[in-house]
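Student: I would like a close look at one part of this model. Please keep it brisk, and spell out the cut-offs.

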Amino acid sequence: MRSVRLRLHVPNQPAGDVYATLADFERYPELSDAVKSVAVTEVSENITVSQWEVTFRAGLLRWTEEDTFDPGALSITFRQLEGDIAHFDGSWKCLDAARGSEIVFSARLDMGIPSLADALEPIAVRTLIDNTVLIVRGLVGDAEIVASEVAVPALAGIAS
């Protein structure tokens with residue numbers, strides 16, 4: 001299983017506004033080319049179930065996830081219920097920061113093919129980071145990578 005942790009600075013936008021934008025999943029396809037579709041299929045007080053189709057290299061990844069929203073903490077946690085990846089869960093957290101806000105994205109993923117994990121999972125991690133940056137920039141505009149626990153050469157093509 002691989003872990004990803006990414007911090008992005010969003011200038012001139014308070015964390016509450018950024019959180020509200022991140023929490024509006026159904027707008028993702030219109031604001032980011034990386035997300036092909038999102039359908040929220042169940043809604044309760046702070047939990048939804050959503051179906052996703054996201055660009056992955058030359059194809060699409062599809063999954064259904066349960067999302068838990070905590071507006072007070074400005075956080076969203078998610079866990080895959082079913083889909084193309086064996087295991088996928090994580091969180092989004094928005095924090096006020098100097099001259100704007102920060103988004104902290106964390107995720108764990110397991111492609112489910114142990115014999116190919118060393119080859120596939122680094123590619124999946126790079127793609128996840130690239131897509132996360134593209135999604136955030138599509139949603140909120142400028143966003144600068146502050147830190148990533150994974151060195152990702154692919155980010156050179158999408159740097160601020």
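How many bridges join β5 to β6?

Tutor: Five bridges join them, and β5 and β6 run antiparallel. First, the ground rules. This is a predicted model, in which local features need pLDDT of at least 70 and side-chain atom pairs count only at pLDDT 80 or more, while totals for chains, interfaces and linings use all residues. Residues are numbered from 1 along each chain as its sequence is written, and side-chain values use heavy atoms, with hydrogens and water left out. Helices (H or I, at least four residues) and strands (E, at least two) are DSSP runs, numbered from the N terminus. Two strands count as paired if DSSP finds at least two bridges between them.

Start with the hairpin itself. Three residues lie between β5 and β6. Within the pairing, Thr 77 faces Ser 91 of β6.

Now step back to the sheet. Strands of a sheet pair through backbone hydrogen bonds, parallel or antiparallel. Here the sheet is open, has eight strands and pairs in the antiparallel sense. Its order is β2-β3-β4-β5-β6-β7-β1-β8. The edges are β2 (35–43) and β8 (144–148). Each has a single partner strand, so one side of each lacks a neighbour in the sheet. Neighbouring strands are turned by 25 degrees against each other on average, direction ignored. Axes are lines fitted to C-alpha atoms, for helices over the stretch in contact; angles run from 0 to 180 degrees between N-to-C directions.

On one flank of the hairpin, β5 (residues 75–83) pairs with β4 (residues 59–70). That antiparallel pairing has eight bridges. Asp 70 stands opposite Ser 75 in β5. Helix α1 (residues 15–22) packs on the sheet. Contact means heavy atoms within 4.5 Å. The helix touches β1 (2–11), β4, β5, β6 (87–97) and β7 (100–110), and its direction makes about 155 degrees with that of β6.

The loop between β4 and β5 holds Leu 74. Leu 74 is not a glycine, yet its phi is positive, about 55 degrees. Its relative accessible area is 18%, so Leu 74 is buried. On this scale, buried means under 20% relative accessible area, exposed means over 50%, and partly exposed is in between, with a 1.4 Å probe and protein chains only.

On the other flank, 11 bridges join β6 to β7, again antiparallel. These two strands form a hairpin with two residues between them. Arg 99 sits in that turn, with a positive phi of about 55 degrees. Arg 99 is exposed, because its relative accessible area is 67%.

The bridge partner of Trp 92 in β7 is Phe 105. Both residues are buried. Their rings also make an aromatic pair. The rule takes rings of Phe, Tyr and Trp (its six-membered ring) with centres within 6.5 Å; planes under 30 degrees apart are stacked, over 60 edge-to-face, the rest tilted. Nine aromatic pairs meet this rule. One of them is Phe 25 with Phe 69, which is tilted, at 5.5 Å centre to centre and 45 degrees between the planes. Phe 25 lies in the loop between α1 and α2 (28–31), Phe 69 in strand β4, and the two are 44 residues apart. Phe 25 is buried at 4% relative accessible area. Phe 69 is buried too, at 13%. For Trp 92 and Phe 105, the ring centres are 4.7 Å apart and the planes stand at 55 degrees, so this pair is tilted. Trp 92 is in β6 and Phe 105 in β7, so the pair ties together parts 13 residues apart in sequence.

These four residues belong to one aromatic cluster, with Tyr 28, Trp 52, Trp 63, Phe 78 and Phe 88 as further members.

Last, the core. A nonpolar core is a set of buried Ala, Val, Leu, Ile, Met, Phe, Trp, Tyr and Cys residues joined through side-chain atoms within 4.5 Å. The largest one has 41 residues, and Leu 22, Tyr 28 and Leu 109 touch the most other members. Helix α3 (residues 117–140) gives the largest share of this core, nine residues. Beyond its neighbours within four places in sequence, Tyr 28 contacts residues including Leu 22, Trp 52, Ile 135 and Leu 139.
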